[in-house]
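Me: I am new to this structure and would like to go through it slowly, asking at each step what a term rests on. Please set each value against its cut-off before you conclude anything.

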Amino acid sequence: SVELARRPLSGKDSRASSTLRTAESGSPDINSSAPRSSWVMPSQALLRHRSSAIGQFYVITSVVAGRWRLFADPACAALLEEALQNSDRLGLTRSCAWVIMPDHFHWVIQLRSGTLGRCVQSLKSRAAIALNAHTSGFGAAVWQRGYYEHWIRNERDVRQQAMYVMGNPVRAGLASALGHYPHAWCRWSLS
């Protein structure tokens, strides 16, 4: 996959790395609304040591096609919640937190099986099928291609990342306080 890598200046004090992954074909989405000048192809040296690892923690973000506010509909948000929970039931992930915003979601996970790419692909596929059935979309694109990944290198930082994700609805003005947003879940107490 193609990745837009953001690397810290010093690897010694780095605790996390981030990437944007696009289609499995390795090509940027030519139908994207992003101008060609915004596509950045990372060097092979930056990609060389990128891989998903079972047991590793990640923050995943994926966006609805066209930034459509699909999840402003509580029934659609519930369908994505079910897909997130199903990933845990299937043994692919162990969810630590998730937040479903109107046009995207954030998901803090520990990878339990397979690869991160397959895990996200499976989630997005299951959710898209359910969402298209609910909205009579008949195969319409639900998701933008790719996803954003933040690798949490230090296990002690997982809870901090989860709290940051849980704060997104508050920062966006969708909730007045942590725990007041209906489409969010966290393994830990929010107090």
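Me: Leaving out residues up to four places away in sequence, which residues does Lys-124 touch?

Reply: Bearing in mind that this is a predicted model, Lys-124 touches Ser-62, Trp-143, Gln-144, Arg-145 and Gly-146 when residues up to four places away in sequence are not counted. Lys-124 itself has its place in helix 3.

Me: Why is Lys-124 called buried?

Reply: Buried means under 20% relative accessible area, and Lys-124 has a relative accessibility of 11%, so Lys-124 counts as buried. It belongs to the buried residues of helix 3, which also include Leu-116, Cys-119, Leu-123 and Leu-131.

Me: What do the buried residues of helix 3 pack against, and how does the span of helix 3 stand against the expected one?

Reply: The buried residues of helix 3 pack against strand 3, helix 2, strand 4, strand 5 and strand 6, the last of these covering residues 147–152. Helix 3 has 20 residues and reaches 28 Å from its first C-alpha to its last, which is close to the 28 Å expected at 1.5 Å a residue. Helix 3 is followed by Ser-136, whose phi is positive, near 60°.

Me: Which residues touch the most other members of the largest nonpolar core, and which elements each supply at least two of its residues?

Reply: The largest nonpolar core has 27 residues, of which Ile-60, Phe-71, Leu-80, Phe-105, Trp-107 and Trp-143 touch the most other members. Strand 3 (57–63), helix 2 (74–89), strand 4 (93–100), strand 5 and helix 3 (116–135) each supply at least two residues of this core, and the largest share, seven residues, comes from helix 3. Apart from this core lies another, of 16 residues, among them Cys-96, Met-101, Ile-152 and Ala-162.

Me: What makes the aromatic pair of Phe-71 and Trp-143 tilted?

Reply: A search of the whole structure finds four aromatic pairs. In the pair of Phe-71 and Trp-143 the ring centres are 5.8 Å apart and the planes stand at 35°; rings pair if their centres lie within 6.5 Å, and planes under 30 degrees apart would count as stacked and over 60 as edge-to-face, so this pair is tilted. The pair links distant parts of the chain, with Phe-71 in the loop between strand 3 and helix 2 and Trp-143 in the loop between helix 3 and strand 6, 72 residues apart. Both Phe-71 and Trp-143 are buried, and ring pairs link them with Phe-105 and Trp-107 into a cluster.

Me: Why does Arg-67 count as partly exposed, and what is the sign of its phi?

Reply: Partly exposed covers what lies between the 20% limit for buried and the 50% limit for exposed, and Arg-67, at 44% relative accessibility, therefore counts as partly exposed. Arg-67 is found in the loop between strand 3 and helix 2, and its phi is near 55°, a positive value in a residue other than glycine. Most residues other than glycine have a negative phi.

Me: How do you know that Gln-110 is buried, and what does its side chain reach?

Reply: Gln-110 has a relative accessibility of 15%, and as buried means under 20%, Gln-110 counts as buried. The place of Gln-110 is in strand 5, residues 104–111, and its side chain reaches the backbone oxygen of Gly-55 at 3.0 Å. Residues up to four places away in sequence aside, Gln-110 touches Gly-55, Gln-56, Phe-57, Leu-92, Thr-93 and Arg-94.

Me: Why is Val-99 called buried, and which residues is Val-99 in contact with beyond its neighbours within four places in sequence?

Reply: Val-99, whose place is in strand 4, has a relative accessibility of 0%, and set against the limit of under 20% it therefore counts as buried. Beyond its neighbours within four places in sequence, Val-99 is in contact with His-104, Phe-105, His-106, Val-165, Met-166, Pro-169, Tyr-181, His-183 and Ala-184. The C-alpha atoms of Val-99 and Ala-184 are separated by 4.3 Å, although these residues are 85 residues apart along the chain.

Key
Residues numbered from 1 in each chain as written. Predicted model: local features only at pLDDT ≥ 70, side-chain atom pairs only at ≥ 80, totals over all residues. Heavy atoms only, no water. Helix = DSSP H or I, 4+ residues; strand = E, 2+ residues; numbered from the N terminus. Buried < 20%, exposed > 50% of the residue type's maximum accessible area, 1.4 Å probe, protein only. Polar contact = N/O pair within 3.5 Å; in protein donor to acceptor, adjacent residues only side chain to side chain. Contact = heavy atoms within 4.5 Å. Core = buried A, V, L, I, M, F, W, Y, C linked by side-chain atoms within 4.5 Å. Expected span 1.5 Å × (residues − 1). Phe/Tyr/Trp six-rings, centres within 6.5 Å; stacked < 30°, edge-to-face > 60°.
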